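Subject: The structure we talked about

Hi,

Here is the structure I promised to pass on. Have a look at it first, and then read on for what turned up when I went through it.

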Amino acid sequence: MSYDGFPPFISAQLQYLLNHYPHTIQIEQARSGTRYFPGSLDRFTLLIPYCLDYMKWDVIYNAEFPLAAPDVIFGAEDEDFHPFHVLCGEDGDSRLVKNSLTDWNNKDPTRLLALVIELRDKYRSYQEKRVGEVDDDRLKFEISTIVSREGIEMHMSSGVEKPEEVKFAVPLMNMNINKMVPACPWRHPQKIYLQVIYPVGRKYAPSPSAPRLKLMCTPELKALFSIDDVKLPSWLDGMCMAEYLPHLEELLQRQVLEAVALIDVRRQFIEALAPLLGRPLEADPVFCRKASFLVCSGPFTIMLHVFLSTNFPKQQPSLMFQSTQHFNSLGMPVKSPLITEYPWSPRWETSQMADRISDFLVDESLNFKRHCNESHLQH
C-alpha cells in the first residue's frame, strides 16, 4: 500500500503496524476528514483478523490536531464493546482504565501497533465472556472440554435476521510448518484451523446434531498443501470436540508431511525434463510448482510452461505454449489453452513421465505453430 497523502506521523505508524503485526492485516478506505487540509488523509479502515474472519474498525485521526490520539469505531454488532471502561460498585458506574491511549505520543511509530494489539486482546476477552454467558448446556460442555487448548478464539453472533450461533476457530497441530519447508518464504507462521459453528439452543438434546465444520488455513499455505482435498472425519453421534480433534490432527499431520515430501518429487520431475527440453528459463525453487522451458521446432521458438499441482503426480501437470514470435491484437504473446489431456500415469517412473511429455510435445508444438501462423494471417 502507498502511504502518499498521509501526514508523516500517521504514515510511520501505519508502516510499523503492517511490518510488525503478527498476522496479515489490511488497510482500506483511506480518506480525509478535514476541511482545511482536504488532500491530507487522516482516517482509514483496518481489517483485523479474528476467529477466521476480519473485523472492520475505523481509525480516525485528526490532521488538524496531530497531537491528539485517534478514535476507533467498532462494528455495529459490537455496540456493547467498551474496552477501556470497567464497572465499579453496585450502582453500575464505569471508569476509564489506563490504556494505550492514555499517554499517546504521536511521534512514536509503535503506538498504533500497541493500540491494535491491546484492543484485539480486549475484544477476544469480550467475546469469550459473551459465549460463556450463553444459556446452552451443550456449548457449556464443549467449552469445558477444550478450554485448555492454546489459541482458540470464539465469537458470538446474533441479529434480527439470523439465528444466534457461536463460532470457534481451533488451531490444529502443534507443528512448525514453516521450518519444514527449505528456504521458506513465508513471513507469518502457517496454520491450519478447524472452524466449528454451533447453533445456540436453550435445552440439552440427548442426541444433538453435528456442528458445521470447515477446514481453513492461512492463504500462503495453499502453495504447499490444499485443505480443499482433505476429507473431514465423520462426526459420530454424541461426539464432542475434544474427541473429534485428535483424529483430525492425526490425519492432517500425515498429509502435511506427505505434502512436504512431494516438493522433492516435483523437483525431481523438473530435473528429469531438463535433459530433454533444456535447462529451465525459470522455475519455482521453493515449492517446485512451475517451470518454463524454451522449446524449438525448426526455426519456430516457443516457451513451454509446466504447472504442477500439490497433488502431483496423482494429478498430471498442466501445460501451456507461448509463442515468442506471434502477438495478438493487444500486443500480448499468443498462448495456447491449458493442456491437461495427454498420456499419463502416476505409477510411471519420473524419467518415463518426462519422456512421455517430451514425445507428446513433438506433435503438439507443430499444432501450436500452425495455430500461430493462421492467427497471424488473419491479423
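**The largest pocket**

β2 (43-50), β3 (53-60), α2 (111-132), β8 and β10 each give at least two residues to the lining of the largest pocket. Before going further, please keep in mind that this is a predicted model.

The volume of the largest pocket is about 990 Å³. It is lined by 36 residues, and those closest to its centre are H23, L52, K191, Y193 and T218. Which element supplies the largest share of the lining? That is β10, with four residues. By character, the lining residues of this pocket comprise 17 nonpolar, 12 charged and seven polar ones.

**The sheet with β8 and β10**

Two of those pocket elements bring us to a sheet. β7, β8, β9 and β10 make up an open sheet, in the order β7-β8-β9-β10, with antiparallel pairing. The edges are taken by β7 (153-157) and β10 (212-217); each has a single partner strand, so one side of each is left without a neighbour in the sheet. On average, and ignoring direction, neighbouring strands here are turned by 20° against each other.

If you would like to trace the sheet on screen, here are the pairings from one edge to the other:

- β7 pairs with β8 (residues 165-172) in the antiparallel sense over five bridges; H155 has K167 in β8 as its bridge partner.
- β8 and β9 are antiparallel and pair over eight bridges, with A169 opposite Q195 in β9.
- β9 and β10 run antiparallel and are joined by six bridges, with I192 opposite C217 in β10.

As general background, the strands of a sheet pair through backbone hydrogen bonds, either parallel or antiparallel.

Two helices pack on this sheet. Helix α3 (residues 137-146) touches β8 and β9 (192-199), and the direction of α3 makes about 15° with that of β8. Helix α5 (residues 241-277) touches β8, β9 and β10, and the direction of α5 makes about 40° with that of β8.

Is β9 largely enclosed or largely open? Seven of its eight residues are buried, so β9 is largely enclosed by the rest of the structure. Q195 is a good residue to click on here, as it is found in strand β9. Q195 has a relative accessibility of 12%, and because the cut-off for buried is under 20%, Q195 counts as buried. Setting aside neighbours within four places in sequence, Q195 is in contact with L52, K167, F168, R212, L213, K214 and M216. You have met K167 already, as the bridge partner of H155, and L52 is one of the residues closest to the centre of the largest pocket.

**The hairpin around L52**

L52 lies in the loop between β2 and β3. These two strands pair in the antiparallel sense over eight bridges, and F44 stands opposite V59 in β3. Their hairpin has two residues between the strands, and C51 takes a positive phi near 50° there. L52 also has a positive phi, of about 65°, although it is not a glycine. Is L52 buried, exposed or partly exposed? With a relative accessibility of 24%, L52 counts as partly exposed.

On from the hairpin, β3 is joined by three bridges to strand β4 (residues 71-73), and the two run antiparallel. In this pairing, D58 has I73 in β4 as its bridge partner.

**Two backbone spots to check**

Where else does the backbone deserve a look? A183 has a positive phi of about 55° although it is not a glycine. A183 sits in the loop between α4 (177-180) and β9. At 64% relative accessibility, A183 counts as exposed.

Then there is a cis peptide bond, running from F312 to P313, with omega near 10°. P313 is in the loop between β13 (300-307) and β14 (318-327).

If you open just one view, I would suggest Q195, with its contacts to L52 and R212 among others.

Best wishes

Note on methods
Residues numbered from 1 in each chain as written. Predicted model: local features only at pLDDT ≥ 70, side-chain atom pairs only at ≥ 80, totals over all residues. Heavy atoms only, no water. Pairing = 2+ DSSP bridges. Axes fitted to C-alpha atoms, helices over the stretch in contact; angles between N-to-C directions. Contact = heavy atoms within 4.5 Å. Buried < 20%, exposed > 50% of the residue type's maximum accessible area, 1.4 Å probe, protein only. 1 Å grid on protein atoms, 1.4 Å probe; cavity = no way out; pocket = protein on both sides within 12 Å on 5 of 7 lines; lining within 4 Å. Points joined across faces, edges and corners; volume = space filled by probe spheres on them. Nonpolar A, V, L, I, M, F, W, Y, C, P; charged D, E, K, R; others polar.
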